[in-house]
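These are my notebook entries on a single model, taken in the order in which I looked things up. I began with charged pairs and moved on to the surface, one helix and the overall fold.

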Amino acid sequence: MFYSHNLRLIFLLLLFILTISTWYFAVLRPLAFSRYFAAEDHLVEYSTAILLALASVSLAALSRRVVGYKSWLLVFYALAFMIAAGEEVSWGQRIFGIKSNEFFLKNNFQGEINIHNLVVGGEQLVEFWFGTLLSATILAYLVVIPLLYPISPFVRGALDFLAVPVAERWVAPVAVVWSGFVGWIDLPRNWEIYECVFAILICTVFLGPKNPETFNFEKALQ
């Protein structure tokens, strides 16, 4: 079976560890929170990139269970998440010591090889398109859709037609609580934690969607 109850427990354990670690650094070691825990090129950022890549692989695996346009849609979704993983670590620029070319030095406000930090028309893409808008979209996916899917035939039909994995209802309150928790953490780079939480929750959705029949498998209970 594609779905595994034990695999979901691993991600829930990871979320629990992240919760305790975030509280510890935010409350007891606030300076270390921004300098090390949530800092660029440290544990949280790399974890997010790995989780996004895993989400991509999970979607690619789902694409092999369906045929026709649904398979291509899932491949497209998988590609989008792999791009997100690459963007998270600037495509390994700092890992491999790659220097930015003139375009990125001039148009990227951090001088890095990525799209989300580009400045277009005086506006940083990360602040709206890759910040506010994307966060709202993901939050709606994790909170609103799980509530509407069981009660709205239109929403259920549209999501199944588009081959969208749907989260189970328990994901919604977790996402809401974490949104408040991250908002309460008034420290630099607190949103790096938010990204990691979203990545964990999305992996649990893709590995065990509420609508397994859309992908031609049934959930394994053990």
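**Entry 1: salt bridges.** I counted the salt bridges in this predicted model and arrived at five. I recorded a general point beside the count: side chains of opposite charge can pair when their charged atoms come close.

I then took the pairs made by R94. E40 pairs with R94, and their closest N and O atoms lie 3.8 Å apart. E40 sits in the loop between α2 (30-37) and α3 (43-63), while R94 belongs to helix α5 (residues 93-96), so this salt bridge ties together parts that are 54 residues apart in sequence. I looked up the exposure of both partners. E40 has a relative accessible area of 29% and is partly exposed; R94, at 28%, is also partly exposed.

The next pair I checked was D41 with R94, a salt bridge in which the closest N and O atoms are 2.6 Å apart. Here too distant parts of the chain are linked, with D41 in the loop between α2 and α3, R94 in helix α5, and 53 residues separating them. I noted D41 as partly exposed, since its relative accessibility is 25% and the partly exposed class runs from 20% to 50%.

The third partner I examined was E45. Its salt bridge with R94 has closest N and O atoms 3.9 Å apart, which falls within the 4 Å cut-off. This pair links helix α5, which holds R94, to helix α3, which holds E45, across 49 residues. Is E45 buried or exposed? I found E45 buried, because its relative accessibility is 4%, under the 20% limit.

Which residues are joined when salt bridges share partners? I traced one network made of E40, D41, E45, R94 and E112.

**Entry 2: nonpolar surface.** I looked for a nonpolar patch and found one of about 530 Å², formed by W23, Y24, V27, L28 and W184. Helix α1 (residues 5-28) supplies the largest share of this patch, four residues. L28 is in helix α1.

**Entry 3: helix α9.** I next examined α9, which covers residues 171-184 and contains 14 residues. From first C-alpha to last the helix reaches 20 Å, close to the 20 Å expected at 1.5 Å a residue. Which residues of α9 are buried? I listed V171, A172, A175, W178, S179, F181 and V182.

**Entry 4: the chain as a whole.** I counted ten helices and two strands in the protein chain. Read from the N terminus, the order of elements is α-α-α-α-α-α-β-β-α-α-α-α. The radius of gyration is 18 Å, close to the 17 Å that the globule rule gives for 222 residues, so the chain is as compact as a globular protein of that length. I noted that the C-alpha trace spans about 45 × 40 × 30 Å along its principal axes.

I closed with burial, contacts and surface. Of the 222 residues, 45% are buried. Among contacts between residues at least 6 apart in sequence, 64% join residues at least 24 apart. The chain exposes about 12,000 Å², and carbon and sulfur atoms supply 70% of that area.

Notes:
Residues are numbered from 1 along each chain as its sequence is written. This is a predicted model: local features need pLDDT of at least 70, side-chain atom pairs count only at pLDDT 80 or more; totals for chains, interfaces and linings use all residues. Side-chain values use heavy atoms; hydrogens and water are left out. The expected span of a helix is 1.5 Å times one less than its number of residues. Buried means under 20% relative accessible area, exposed over 50%, partly exposed in between (1.4 Å probe, protein chains only). A salt bridge is a side-chain nitrogen of Lys or Arg within 4 Å of a carboxyl oxygen of Asp or Glu. Patches are made of residues with over 30% relative accessible area and no salt bridge: like charges are joined within 9 Å, nonpolar side chains (Val, Leu, Ile, Met, Phe, Trp, Tyr) within 5 Å. Accessible areas come from the Shrake-Rupley method with a 1.4 Å probe; for residues, only the protein chains shown count as cover. The radius of gyration is taken over C-alpha atoms; the globule rule is 2.2 Å times the number of residues to the power 0.38. Contact means heavy atoms within 4.5 Å.
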